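Grab a coffee and work through a few short exercises on this chain. Each one comes with a worked solution, so try it yourself before reading on.

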Amino acid sequence: MIDRLRILQKRKYLVITVALIVFLTSVLFTFSKIPVYTATTQVLVEKNQENGRLDGLVNYMAWDPDFKATQFELIRSFNVALRVVKNQHLDTEYKQYFLKDPGVYSRASSGVVSTATSFFSNAVSSITTFLSTLTGPEQAPKMAAPAEEEGKENTGEKSDAEKIAGMIQGALTLTPVRDTKIVSVSYTHEHPEIARLVANGVVEAYIEETLDIKTSTTRHSLKWMTAKANEERKKLDESERALQEYMRNNDIVTVENKLAVLPERLSKFSAELSAAQTEEKKYAAVYHQIKAVGKDSKKLEAIPLLADNSELQVLRGELFSAEQHIRELSKRYGEKHPMMIKTRADQKLLLQKRRLEIERIIQVSKNNYDLAKTRVKDLAKMMEETKAEMLNMNERLAEYNVLNRDKEMNRTVYDALSSSIKKTNVTAQAMDVRIWAVKKADLPLAPSAPKKKKELLVGLLVGLGVGIALAFFLDYLDNTASSAEELEKRYGLTVLGAVEDLPKKGKNIETFIQDNPLSAFAESYRLIRSSLLLSTPDHPPRTLLVTSMMQQEGKSTTTKNLATILAQNEKRILIVDCDMRRPRQHSMFGVDNSYGLSNYLSGNTDEQQPALIQQIPDSKISVLPSGPIPPNPAELLGSKRMKTLLSKSMERFDFVLLDSPPVQQVTDSLLLASLVDGTVTVLRAGKTTFDMLDSGIKKLRESNAHMLGLVLNRVTKKHAGQGYYGYYSYYSRKGKGGYYTEEGKK
């Protein structure tokens, strides 16, 4: 619960902004609506169980689950709506209540109308036009009544009656009364008289439409379809007999089975041929490349096939070792010395092995090329044979397809006629529907919409819900380290301190502490210094390794600033730039980097060299730059000379800070971690991900690093909340330095 409150506190402005936007939108939408009125009538809809029997007995039939749904669709159908328009003269006497602008719908299908200049009015009107266009043409052809046919226009454009009918059709609301056969039919309009007129007219139009459906099927159509079905049945029988005779005379079953298999076989051969051709080109390219080089062993070994061969790689390594061994022996012995003779013999044997291996690889390449060519020829031949067999099969099946097509056409026609006959019989035997208007619609006295208080409350609650959900969702997506509490809880490590993010404009982070010693920025490093001095029992850690997970997280700057703070207590500080891949300490302190740590570790100098450790003027800080970038930094940092350097440096300095490369990129930091008293890991708030931390901390722990804690760098109010910044602001207002803050003045 506390974590959720922290998330809401962290993103409270987002929640408030989203809630305010949604609420203002609901206010705009609610107050832009025109009040509308709803009139409701009730109608009884049930089956007539008597079914017109002469004996007067009741015919109890099975329960029909689709009956209500069918009647509901019939009530809201386009034909019923069009009947309402014609019966109530809505397209003539009351046209102005529906079509205010010629040819354009001026209201939503539900009767809810927005202002003409409102965005919501345009959107709702477009949706209404689209739905009415779909609803009208789809339902009209199903139950074509004379009333609809009279309203059609030859031009194809919708008439006013059809437009109004589409609006009524979309605005009807049907609600079944629970545990009864009564249905409430409601219609909404901005004028109460029109709402009552349409609601009552729908029931009358529904009764008329039901009567038209009942009398639409005649006995003549049923008799004609029966005779036509008998004719099609004879044609079907004749076509089936002709097809069976042809299949029996031409063994069409066997041919049809082969025809089903041949395309699959042809497709398989085609795929295999394509793959074989690709393989042939690959082997041909290698073989021609080898052939073009000739017998030059050096050029042959440059070919990728031979260069990547593991056996040749081993032989090359052994030859290289043998050559080195010969050079070393030649310095001590003559050419006829037994050791030299034996070594030369070994070298000759290795050269012979290399030559034999090259010849073997060349022979294998030639064999692969020859096999690939043979396979391409075989597959091409099989494809041609399969194509010829398919052509033969197609010729034999040509007549079969003609006969089979005739049979299927006759069957389709016969099945369609049989289905129509069955449907007609079912319709003729269907039960009548009993319809009765139970209650006529009254004139509505109060508007049914909009309900402003309810809609505004819903808008406010929805806005708060969306804002809170968005805050939790964004927090869920944020996989970066930004909270000291979360870091300590997740990794069991102490967060030594947090460093605020300075604005880039006009602020140099490398010299900011010297320029503003009483700033909140400098105080954050003093807190880190205090945490480090108290991090170990008996005595503070004197040798510290400063590292990070990735680049651009501020480890080098943290090292320099931490050294500056430690030096303020009259302590002698040595910074060793162990990042021999991307060194930065020499540029921050302005010292020469032509001679440094890499020279000492490689044995080209010693720690007594005057230019090795450079004293920073007017400071207790000394810097050992990285020196020239070596080809093998990890091997140098893991050497015994590095241990000796640290041991001797502790005799001259109070604290030794090692600026090392990021953990996730190289192993340099892991080698150094076991040589120092403690390791400090710098994280960049909002950038360093937990995935990086999980992997990096695991590596450090596996290398037996003594992890003193974490430094959260470049913290902003967005990342750290008000905790750190409240303290910074208070300290800056109380201090006497030349540091300005947004909260207080100098």
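**Exercise 1.** Why does glutamate 162 count as buried or exposed, whichever you find?

*Solution.* Keep in mind that this is a predicted model. Start with the place: glutamate 162 sits in helix H7, residues 160-171. Next, take its relative accessibility, which is 9%. The cut-off for buried is under 20%, so glutamate 162 counts as buried at 9%. Finally, look for a polar partner: a polar atom of the glutamate 162 side chain lies 3.1 Å from the backbone nitrogen of serine 159.

**Exercise 2.** Work out how covered helix H4 is, and check what follows it.

*Solution.* H4 spans residues 78-88, and nine of its 11 residues are buried, so mostly covered is a fair call. Now list them: the buried set includes Phe78, Leu82 and Val85, but also Asn79, Arg83 and Gln88. Then step just past the helix, where histidine 89 has a positive phi of about 60°.

**Exercise 3.** Which members of the largest nonpolar core touch the most other members?

*Solution.* That core has 43 residues, and the ones to pick out are Leu487, Leu597, Met642, Leu658 and Leu693. Zoom in on leucine 658: skipping neighbours within four places in sequence, its contacts are Leu544, Leu545, Val546, Val576, Cys578, Met642, Leu646 and Val676. Another core, of 37 residues, lies apart from that one, with Leu74, Ala165, Val185 and Val198 among its members.

**Exercise 4.** Compare the UniProt feature at residues 12-31 with the model.

*Solution.* The unreviewed UniProt entry places a "transmembrane region" there. In the model, residues 12-31 are 100% helix and 0% strand, with the end C-alpha atoms 28 Å apart.

Definitions and conventions
Residues numbered from 1 in each chain as written. Predicted model: local features only at pLDDT ≥ 70, side-chain atom pairs only at ≥ 80, totals over all residues. Heavy atoms only, no water. UniProt positions renumbered as here; feature names shortened; annotations may be inferred. Helix = DSSP H or I, 4+ residues; strand = E, 2+ residues; numbered from the N terminus. Buried < 20%, exposed > 50% of the residue type's maximum accessible area, 1.4 Å probe, protein only. Core = buried A, V, L, I, M, F, W, Y, C linked by side-chain atoms within 4.5 Å. Contact = heavy atoms within 4.5 Å. Polar contact = N/O pair within 3.5 Å; in protein donor to acceptor, adjacent residues only side chain to side chain.
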